[in-house]
Amino acid sequence: MNTREFAGYSIVRNLAGGGMTRLFVALDSAQNRVVVRHLLEQWAKYRKFRKSFFHGAEVLAKLNHPHIVKLIKTGYEGKLPYMVLEYVESRTLRDLILYRDPLLSQNVLSLMRQMAAALFHIHAQGYLHLDWKPENILVRPDGHVVVIDFDLAVKSKRRPVRIKEIPGTPSYIAPETLTRRMVDERSDIYSLGVTFYEMLTYHKPFEGDKIEQVRAAQVDPNIPPTRPRQYAPSVPAAMESLVLKCLAKQPDNRYPSISLVIRDLEAML
């Protein structure tokens with residue numbers, strides 16, 4: 001395989017990939033920039049991982065929304081499954097948090113509203129994202145949000161469902177998913193709450209020196225998250241209340257629908 005070409009696309013540069021995938025910025029035949037994402041060879045030989053990879057593409061194909069990355073095509077290059085996505089000139093929300101970028105601090109409410117709108121669309125189309133975290137949120141220089149990575153997305157049901165494996169990154173996973181592998185729309189709302197918390201405070205709701213202690217605090221109903229205003233006193237009380245409601249340990253105490261999160265965000269100035 002020519003290292004400068006992949007599936008007919010001209011490779012411009014590498015992007016940081018996930019543990020199982022590689023990403024490139026590439027040019028198509030019309031010299032438009034796109035992102036090519038393919039499964040690494042050691043994983044591509046397993047049907048389970050090929051199926052998961054293409055599943056994410058199938059979900060994306062059904063989610064046409066300004067705040068969700070657009071799928072262009074899928075296919076195989078030799079034995080490697082790949083997908084072609086729109087190119088978004090951006091940084092991840094993780095980068096903005098890490099560097100305390102003014103783009104985040106000056107536009108935090110707008111970014112939160114955009115993320116909530118994207119999650120509303122995902123839920124309205126009958127899916128759960130289940131991997132919501134700052135690494136999967138792109139932010140353009142103009143402050144426009146684009147959500148990526150739907151490999152773990154599942155169809156939502158009227159009632160909570162049990163999944164076979166715990167998805168995503170533990171810090172962003174709801175307590176009922178960590179303990180009982182149960183998911184519904186409120187699981188994504190919890191993950192959104194952790195993301196909001198980080199955007200406002202540059203901390204996670206549960207922190208500690210040992211990962212075991214942090215995980216125990218996450219699921220212990222008697223240990224509340226640190227209040228955001230302890231880290232960032234300038235956070236409005238209404239915003240703190242919204243974030244803490246997203247982070248309620250018991251799903252029944254959380255926002256039952258992302259539409260109510262949007263309602264409360266829209267009420268803020």
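**Cavities, sheet and rings: worked exercises**

Leu-130, Asp-131, Trp-132, Pro-167, Gly-168, Thr-169, Tyr-172, Ile-173, Ala-174, Thr-177, Ser-187 and Ser-191 line the largest cavity. The model is predicted, so to speak of local features takes pLDDT of at least 70 and side-chain atom pairs need 80 or more, while totals for chains, interfaces and linings use all residues. Numbering runs from 1 along each chain as its sequence is written, and side-chain values use heavy atoms, without hydrogens or water.

**Exercise 1. Describe the two cavities: what is the volume of the largest cavity, and how does its lining divide by class?**

Step 1. Start with the count: the structure holds 2 cavities of 30 Å³ or more. A cavity is a set of points on a 1 Å grid where a 1.4 Å probe fits but cannot get out, and lining residues have an atom within 4 Å of a point.

Step 2. The largest cavity comes to about 90 Å³. Its lining splits into 6 nonpolar, 5 polar and 1 charged residues, with Gly counted as polar and Tyr, Trp and Pro as nonpolar.

Step 3. Now the second largest cavity, at about 30 Å³. Ser-171, Lys-204, Pro-205, Phe-206, Val-214 and Gln-218 make up its lining, which is 3 nonpolar, 2 polar and 1 charged by class.

**Exercise 2. Lay out the open sheet: in what order do its 6 strands run, and which are the edge strands?**

Step 1. The order is 1-2-3-4-6-5, with antiparallel pairing. Strands are DSSP runs of E, at least two residues, numbered from the N terminus, and two of them pair if DSSP finds at least two bridges between them.

Step 2. At the edges sit strand 1 (5–6) and strand 5 (71–77), each pairing on one side only.

Step 3. Move to strand 4 (residues 33–39). Strand 3 pairs with strand 4 in the antiparallel sense over 7 bridges, and Thr-21 stands opposite Leu-39 in strand 4. Their hairpin has 5 residues between the strands, and in that hairpin Gln-31 takes a positive phi near 65°.

Step 4. Strand 4 also pairs with strand 6 (residues 80–86), again antiparallel, over 5 bridges. Take Arg-37: its bridge partner in strand 6 is Met-83. For Val-34, the partner in strand 6 is Glu-86.

Step 5. Is strand 4 largely enclosed or open? 6 of its 7 residues are buried, so the rest of the structure largely encloses strand 4; buried means under 20% relative accessible area, exposed over 50%, and partly exposed in between, using a 1.4 Å probe.

**Exercise 3. Sort the ring contacts: how many aromatic pairs does a search of the whole structure find?**

Step 1. The search gives 7 aromatic pairs. Rings pair if their centres lie within 6.5 Å; planes under 30 degrees apart are stacked, over 60 edge-to-face, and the rest tilted.

Step 2. One of these is Phe-6 with Phe-24, a tilted pair, 6.2 Å centre to centre with 40° between the planes. Phe-6 belongs to strand 1 and Phe-24 to strand 3 (residues 21–27), so the pair ties together parts 18 residues apart in sequence. Both Phe-6 and Phe-24 are buried.

Step 3. Next take Trp-43 and Phe-49: with centres 5.1 Å apart and planes at 80°, the pair is edge-to-face. Trp-43 is partly exposed, at 28% relative accessible area.

Step 4. Finish with the cluster: ring pairs link Phe-6, Phe-24 and Tyr-82.

How values were computed. Helix = DSSP H or I, 4+ residues; strand = E, 2+ residues; numbered from the N terminus. 1 Å grid on protein atoms, 1.4 Å probe; cavity = no way out; pocket = protein on both sides within 12 Å on 5 of 7 lines; lining within 4 Å. Points joined across faces, edges and corners; volume = space filled by probe spheres on them. Phe/Tyr/Trp six-rings, centres within 6.5 Å; stacked < 30°, edge-to-face > 60°.
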